[in-house]
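Visitor: I am new to this structure and should like a close look at a single part of it. Would you please take me through the disulfide and then its surroundings in the chain?

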Amino acid sequence: MRAVPITVTALAAAFLLTACGGGDDSASGDGESKASSASGTACAAGDLTMAAGAVNAAPAAGDTGNVTVTVTNGGKACTLDGFPKVELEAGTTVAVPHDEGAQSQPLPLAEQGAASFTITYVRGDEGESSLAVKTVRYGLPDASATESLDWSYGAVALKDGDKPDASVSAFQVAGD
């Protein structure tokens, strides 16, 4: 036997891997990158449904609570990029800052796909150092906060005098 069949087999395997994309998961069958085709279209508010879901309410002043909002895509594949816009309404409207420890990355969202974000807050004591929130409004980054939820989770504590002790996470994949 000669060593040529092994060399030919190795070369054939290398060419086969190259033809299949060489392990690069960004290539789709049409020669276009999956990431760029999804990230090329920002999600539009009209195609998305947003609904508050799981709530872990803070039971007493000083405790931390979480409100999760699920975003479902009813349109074509698109990409969520940035942090959701969240505002607390209590006579005045106060913006909720994004979580300083979180980093936002473009999140491709397939048709009928779902993502979520979480509003984390510290419950206040119903006094001057708190914000008596009636409603929370939320929406897509760089857009108007278009959805609302009646806030029944108590006052939100204030920090640095007038800022809500609350934050919003980046978008994350929801479901399976």
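Guide: What follows begins with the reliability of the model, turns to the disulfide, and ends with the strands and one residue.

This is a predicted model, in which local features need pLDDT of at least 70 and side-chain atom pairs count only at pLDDT 80 or more, while totals for chains, interfaces and linings use all residues. Residues are numbered from 1 along each chain as its sequence is written, and side-chain values use heavy atoms, with hydrogens and water left out.

The term pLDDT denotes the predictor's confidence in each residue, from 0 to 100. For the protein chain its mean is 79, and 76% of the residues reach 70 or more. Confidence is lowest in helix H1 (residues 4–19), with a mean of 34, and highest in strand S13 (residues 166–168), at 97. Over residues 1–39 the pLDDT is below 50, and this stretch has 13 contacts in the model beyond near neighbours in sequence; a contact means heavy atoms within 4.5 Å. Where pLDDT is low, the predicted coordinates should not be read in detail. Helices (H or I, at least four residues) and strands (E, at least two) are DSSP runs, numbered from the N terminus.

A disulfide is taken here as a pair of cysteine sulfur atoms within 2.5 Å, and by this rule the count comes to one. The bond joins cysteine 43 to cysteine 78, with an S to S distance of 2.0 Å. The link of cysteine 43 and cysteine 78 is right-handed, with 85° about the S-S bond. Distant parts of the chain are thereby linked: cysteine 43 lies in the loop between helix H2 (34–39) and strand S1 (48–56), and cysteine 78 lies in strand S3 (residues 78–80), 35 residues apart. Both cysteine 43 and cysteine 78 are buried, where buried means under 20% relative accessible area, exposed over 50%, and partly exposed in between (1.4 Å probe, protein chains only).

Strand S1 also holds alanine 54. At 55% relative accessibility, alanine 54 counts as exposed. Leaving aside neighbours within four places in sequence, alanine 54 is in contact with Asn66, Val67 and Thr68.

Elsewhere, four strands form an open antiparallel sheet in the order S5-S4-S9-S10; two strands pair if DSSP finds at least two bridges between them. The edge strands, S5 (93–95) and S10 (147–150), each pair on one side only. Within this sheet, five bridges join strand S4 (residues 85–89) to strand S9 (residues 135–139), and valine 86 stands opposite tyrosine 138 in S9.
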